[in-house]
Amino acid sequence: MRIIRILAGLTAACLFPGGAAAGPTGDAERGAEVYRRCDGCHSLDSSRVGPAHRTVFGRTAGTLDGFIYSKALKASALVWNAETLDAWLANPGKFVPGSRMGYRLSDPQDRADVIEYLRSAGKPTQ
Ligand code: HEC
């Protein structure tokens with residue numbers, strides 16, 4: 001019995017690396033390149049047209065101090081993780097109607113990479 005459970009676990013881990021959402025695996029280094037498309041409006045440490053991103057992973061949407069968000073994003077109560085970021089970046093206006101980020105990343109690999117970049121940017125460096 002035990003061996004079957006272990007095998008089942010291994011199979012699931014191979015089929016769904018990184019969790020239940022079976023999207024492409026992200027590459028943070030490539031994500032840094034993709035992020036150049038965001039940096040007309042965003043940066044990691046200061047808010048511009050859009051809010052700063054350093055602490056975005058795990059943050060509740062629309063809550064960074066000092067940035068004025070749309071009512072829609074503030075009211076969304078979303079928490080940013082790989083799944084919510086993926087849906088947001090694919091089509092912000094559809095995912096959160098009334099939000100005002102006028103940019104989309106249509107390629108799933110670009111989204112996975114930039115999400116991995118944001119995740120690693122939030123980790124403390126040692
Ligand atoms: C044309 C300007 C523009 C571009 C380009 C842009 N954004 Fe945004 N972004 C915004 C604005 C404006 C908001 C705030 C939206 C609101 O308040 O509804 C936002 C919000 C966000 C948020 C929500 C953050 C929070 O604090 O809740 C994330 C995450 C985000 N952007 C990621 C990205 C990424 C990743 C890219 C590049 C692939 C990108 N954005 C490109 C303007 C932009």
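**Ligand shell**

I began with the ligand and listed the 28 residues around it, of which Cys38, Cys41, Gly50, Ser70 and Ser99 come nearest. I then asked which elements give two or more residues to this shell, and found α3, residues 71-75, and α4, residues 82-90. The largest share is that of α4, which supplies three residues. I note here that I am working from a predicted model, and I read every entry below with that in mind.

Sorting the shell around the ligand by class, I counted 18 nonpolar residues, seven polar ones and three charged ones.

**Chain overview**

I next looked up the secondary structure of the chain, which comes to six helices and zero strands. Read from the N terminus on, the order of elements is accordingly α-α-α-α-α-α. For burial, I noted that the chain has 126 residues and that 23% of them are buried. I also looked at how far apart in sequence the contacting residues lie: taking the contacts in the chain between residues at least 6 apart, I found that 50% join residues at least 24 apart.

**α4 against α6**

Since α4 had already come up at the ligand, I followed this helix to its packing with α6, which spans residues 108-121. The axes of α4 and α6 are 10 Å apart, and the angle between the two helices is about 130°. An angle over 115 degrees that does not exceed 145 falls outside the parallel, antiparallel and perpendicular classes, and therefore α4 is oblique to α6. As for handedness, I recorded that α4 passes α6 in a right-handed crossing.

Which residues make the contact? On the α4 side I listed Ala82, Leu85, Asp86, Leu89 and Ala90, and on the α6 side Arg111, Val114 and Ile115. By class, the residues of this contact of α4 with α6 divide into six nonpolar and two charged, with no polar residue among them.

**Ala77**

My last entry concerns a backbone angle in the loop between α3 and α4, where Ala77 is found. Phi of Ala77 is near 60°, which is a positive value in a residue other than glycine. I set beside this the general expectation that most residues other than glycine have a negative phi.

Is Ala77 buried or exposed? I found 10 C-beta neighbours inside 10 Å of Ala77, and because a residue with 12 or fewer is classed as exposed, Ala77 counts as exposed.

Notes:
Residues numbered from 1 in each chain as written. Predicted model: local features only at pLDDT ≥ 70, side-chain atom pairs only at ≥ 80, totals over all residues. Near = placed C-beta within 6 Å. Helix = DSSP H or I, 4+ residues; strand = E, 2+ residues; numbered from the N terminus. Nonpolar A, V, L, I, M, F, W, Y, C, P; charged D, E, K, R; others polar. Buried ≥ 20, exposed ≤ 12 C-beta atoms within 10 Å, placed from the backbone. Axes fitted to C-alpha atoms, helices over the stretch in contact; angles between N-to-C directions. Parallel < 35°, antiparallel > 145°, perpendicular 65-115°, else oblique. Left-handed = near helix turned anticlockwise from the far one by under 90°. Contact = placed C-beta atoms within 7 Å.
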